[in-house]
Amino acid sequence: MKKEINIKLLPQTASIKEAYTKEIAKKLKMKISDISEIEVLKRSIDARKKNVQIMMRANVWYDGEKPQKIEEEFKFQNVANKEPVIVVGAGPAGLFAALKLIEQGLKPIVIERGSSVETRKKDVALINRNKLMNTESNYCFGEGGAGTFSDGKLFTRSKKRGNANFVLDILKMHGANQNILTEAHPHIGSNMLPQIIVNIRKTILQAGAEIHFNTKVSNFIIKNNEISGVVTKNGDKIIGKSVILATGHSARDIYELMHSKKIRIESKPFAMGVRVEHQQAVIDSAQYNCKTRNEYLPPANYSLVTQVKSRGVYSFCMCPGGTIVPAATNQNQIVVNGMSPSKRNSEFANSGIVVEIRKQDFPRKEKFGVLAGLKFQEYLEKLAFKNANNGLTAPAQTVSDFVNNKHSQSLPKTSYNPGVVSSDLHQWLPSHIGKRLQTALSMFGNKIKGFNSNQAIILGVESRTSSPVRIPRDKETLEHLEVKNLYPCGEGAGYAGGIISAAIDGIRCAEKIGMLHKN
Ligand SMILES: Cc1cc2nc3c(=O)[nH]c(=O)nc-3n(C[C@H](O)[C@H](O)[C@H](O)COP(=O)(O)OP(=O)(O)OC[C@H]3O[C@@H](n4cnc5c(N)ncnc54)[C@H](O)[C@@H]3O)c2cc1C
């Protein structure tokens, strides 16, 4: 017999199998020995009351019955001699598109401007050590894409659960912890993600597909509004039946290329602001209503949102127990973002606090047209550089000094490795961003004790939240609106925001191409 139950447990009880089995048996009025198996379906934290509880949903088998184990099976057949499909970009969108193409009997040729994840790890270490940006291999470019050195949060607002489950199953199959299938807010961690990416690469290569690292696409082969391949920076032509363009939102040269070739792109709203950092203990204490966090609870997170003068201001990509990282892709730019290891065990908690930027907010629209948002993003990143003026050093201010328009005489300790310099952010942030951030940070201080303090720091700028450009495509076929066989895909095309939704979009594009080849 099988029953699905929901049960509230103390954190310690929820983390020990014997302890929660005992509580489940009590709830079901059974003996522990009657229970043959418990399958945890979901765990989430209820921190609304003083005593934090874990909500668990589980399938319970009893009276001798056991679940039938169905091993997930993905058919990664050999595609070495099959029809080639070009996939530009080896981020989540490109890699999952490649896996889905293989499943459908097509041969992906993945072209990636950055290095393999092993080399990329060294490049990222050098960026932190030498404080110099490597423009082709960094926190955004290289195998695994922008999410490789991240917190690896795996949430999505997508309603397409089937595809999200496919992504989670694939990640688990390639080395992610089983708990990503049950946690309400799963995450993988920057120390685990690189090996998972290596394992996905092995699956793709073992199937006879191709991956070309350090190969930048610098042109498209288009005739009569139909794409038949791409040209690399070295001048090599790579030909394929279709092209999935999954280059992410940091590939500004791709947008410039499309614009110069009169391939239709559109501007879209996005968000920019700063990254805020606190001691994790401050967030734990506020969110769990305690002096010190119960050892069985994970480092606490938060999600904050408000409206200031008809624009949303919200927390973005919160990284409990994490580190702030330099995520620019060019010299003379400062871009900050966040990552956490799987244990989320650093002493810091960080998140982006960003202001919604609408198309009417873009300056110099007449000059830059559809690229005005992108140019605004770039302008802010350069301003941040100018105001620190020392490699990857970031301009920073304490939260309370920023809120009170005061210069920060000293700055608290930060996880940002390249270092910070005190800067009055209101002096150079456009006021429609700065003033809204000021109001919002003050309001967030009323929601989370210790949020607005001299021990909290903000670093500029958090500019790469989502793409300022959309590459329009047909809703049904997912092909570019004007260029046949071109599939704009993932975050860079404006159809995803985050690892899971980018992966899902990659799968969708691959499925559409697969259907065409079947017919
Ligand atoms: C530091 C950091 C932390 C993050 N944390 C999280 C998180 O915890 N959870 C989450 O869901 N999301 C997170 N994100 C966002 C997430 O990484 C992106 O949403 C996701 O990676 C987008 O996937 P994508 O495949 O569309 O694009 P990308 O991941 O950006 O991949 C695009 C790839 O294309 C390559 N490329 C670009 N131009 C070319 C070219 N001309 N030729 C060949 N290749 C090219 C790039 O090198 C890159 O590898 C984080 C991002 C960063 C930077």
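**View 1. Helices α4 and α6 in a predicted model.** In this predicted model, helix α4 covers residues 117-130 and helix α6 covers residues 193-206. Their axes come within 10 Å and cross at roughly 150°. Angles over 145 degrees count as roughly antiparallel, and α4 and α6 are therefore roughly antiparallel to each other.

**View 2. Residues where α4 meets α6.** On the α4 side, the contact involves V117, E118 and K121. On the α6 side, the residues are P194, V198 and R201. By class, the residues of this contact divide into three nonpolar and three charged, with no polar ones.

**View 3. The shell around the ligand.** The ligand is surrounded by 37 residues. A93, E112, A146, E491 and I499 are the closest of them. Sorted by class, the shell holds 17 nonpolar residues, 14 polar residues and six charged residues.

**View 4. Backbone atoms beside ligand oxygen atoms.** For I499, a backbone N or O atom is 2.7 Å from an oxygen atom of the ligand. For G142, a backbone N or O atom is 2.9 Å from a ligand oxygen atom. G152 also places a backbone N or O atom 3.1 Å from an oxygen atom of the ligand. The ligand taken alone exposes 1,000 Å², and the protein buries 95% of that area. Elements that give two or more residues to the shell are α3 (92-103), β16 (336-339) and α14 (499-518).

**View 5. The peptide bond between G460 and V461.** Most peptide bonds are trans. The bond from G460 to V461 is cis, with omega near -10°. V461 belongs to strand β20, which covers residues 457-462.

**View 6. The backbone at N332.** Most residues other than glycine have a negative phi. N332 is not a glycine, yet its phi is positive, at about 60°. This residue, N332, sits in the loop between β15 (323-326) and β16. Strand β16 is also one of the elements that give two or more residues to the shell around the ligand.

How values were computed: Residues are numbered from 1 along each chain as its sequence is written. This is a predicted model: local features need pLDDT of at least 70, side-chain atom pairs count only at pLDDT 80 or more; totals for chains, interfaces and linings use all residues. Side-chain values use heavy atoms; hydrogens and water are left out. Axes are lines fitted to C-alpha atoms, for helices over the stretch in contact, and angles run from 0 to 180 degrees between N-to-C directions. Helices (H or I, at least four residues) and strands (E, at least two) are DSSP runs, numbered from the N terminus. Angles under 35 degrees count as roughly parallel, over 145 as roughly antiparallel, 65 to 115 as roughly perpendicular and the rest as oblique. Contact means heavy atoms within 4.5 Å. Ala, Val, Leu, Ile, Met, Phe, Trp, Tyr, Cys and Pro count as nonpolar, Asp, Glu, Lys and Arg as charged, and the others, Gly among them, as polar. A residue is near a molecule or strand if one of its heavy atoms lies within 4 Å of it. A polar contact is a pair of N or O atoms within 3.5 Å; within protein, one must be able to donate a hydrogen and the other to accept it, and residues adjacent in sequence count only if both atoms are side-chain atoms. Accessible areas come from the Shrake-Rupley method with a 1.4 Å probe; for residues, only the protein chains shown count as cover.
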